[in-house]
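Here's a quick look around a protein model for anyone meeting it for the first time. Have the structure open and follow along.

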Amino acid sequence: MARALIEALNLEVHYGGIRAVKGISFAVEEGEMVCLIGANGAGKTSTLKALARMIPAQGEIHYGAERIDAMAPHELIRKGLALVPEGRGIFARLTVAENLAMGAYHRDDKAGIAADLERIHALLPRLKERSTQVAGTLSGGEQQMLAIGRALMGRPKLLLLDEPSMGLAPLMVEKVFEVIRAVAAEGMTVLLVEQNAKLALELCSRGYVMESGAITVADTSAALLADPRVRTAYLGE
């Protein structure tokens with residue numbers, strides 16, 4: 001049986017007096033693709049940020065054999081946990097090449113970095129074409145690909161993806177999800193937050209449904225796609 005790569009136990013996030021994430025527990029096993037779905041404001045983004053230690057949280061977070069809920073974000077990057085944030089979070093004034101280099105800032109294996117850059121250029125050829133272009137002038141889809149490429153330059157074991165389809169045209173959404181599928185096929189563990197529930201469930205093997213800061217349903221993607229509650233609330237049926 002596969003072991004959990006990331007596990008949250010009684011995870012809570014507060015914004016002042018607002019309890020945004022209400023003591024949730026879940027796990028993602030090595031090599032899995034798992035999604036968190038739910039309406040806006042359900043606590044999905046807060047959950048990812050808490051896992052990446054970008055915001056304060058209560059409860060336990062275990063990553064592999066370590067407890068990480070007291071660690072700093074930069075420590076987690078070195079351990080192989082990468083977050084592609086909602087809104088992409090690229091360095092808009094830097095070039096595409098400089099953004100990708102920033103993804104490997106903590107590494108000193110020059111040969112490995114060069115090999116990874118070549119691999120990412122093969123996976124995302126548009127980034128090679130745009131290497132010298134200022135990142136802020138890219139299209140939304142290109143910026144999303146750059147954010148994913150930058151995360152991959154850190155050689156993560158776990159990729160946290162927050163709303164990768166947000167604001168993109170349908171054709172570009174398809175291209176971005178092709179990239180995510182290709183990365184997962186290489187064995188990357190992925191936890192995906194995605195507003196498009198149908199797309200997320202079709203891509204992932206399991207899913208958790210979040211409502212008002214709590215996990216209300218957890219099952220295989222096939223079961224969730226067939227669940228009348230999920231179909232009515234999130235699949236527009």
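## Disulfides

This is a predicted model, and searching the whole structure for disulfides turns up zero. A disulfide is a covalent bond between the sulfur atoms of two cysteines.

Take Cys-35, which is in no disulfide. Its nearest cysteine sulfur belongs to Cys-204 and sits 4.3 Å away. Why is there no bond here? Seen from Cys-204, the closest cysteine sulfur is the one in Cys-35, and 4.3 Å is too far for a bond, because a disulfide needs the two sulfur atoms within 2.5 Å.

Are these two cysteines buried or exposed? Cys-35 is buried, with a relative accessible area of 0%. Cys-204 is buried too, at 7%.

## The largest pocket

Now for the largest pocket, which has a volume of about 550 Å³. Its lining is made up of 25 residues. If you want to find the middle, look for Ile-77, Ala-82, Leu-83, Pro-85 and Arg-150, the lining residues that lie nearest the centre.

Several elements give two or more residues to that lining: the helices α1 (44-51), α2 (73-78), α3 (96-103) and α6 (140-152), along with the strand β6 (81-84). Which of them gives the most? That's β6, with four residues.

## What the lining is made of

How many residues of each class line the largest pocket? Sorted that way, the lining has 15 nonpolar residues, six polar ones and four charged ones.

Notes:
Residues numbered from 1 in each chain as written. Predicted model: local features only at pLDDT ≥ 70, side-chain atom pairs only at ≥ 80, totals over all residues. Heavy atoms only, no water. 1 Å grid on protein atoms, 1.4 Å probe; cavity = no way out; pocket = protein on both sides within 12 Å on 5 of 7 lines; lining within 4 Å. Points joined across faces, edges and corners; volume = space filled by probe spheres on them. Nonpolar A, V, L, I, M, F, W, Y, C, P; charged D, E, K, R; others polar. Buried < 20%, exposed > 50% of the residue type's maximum accessible area, 1.4 Å probe, protein only.
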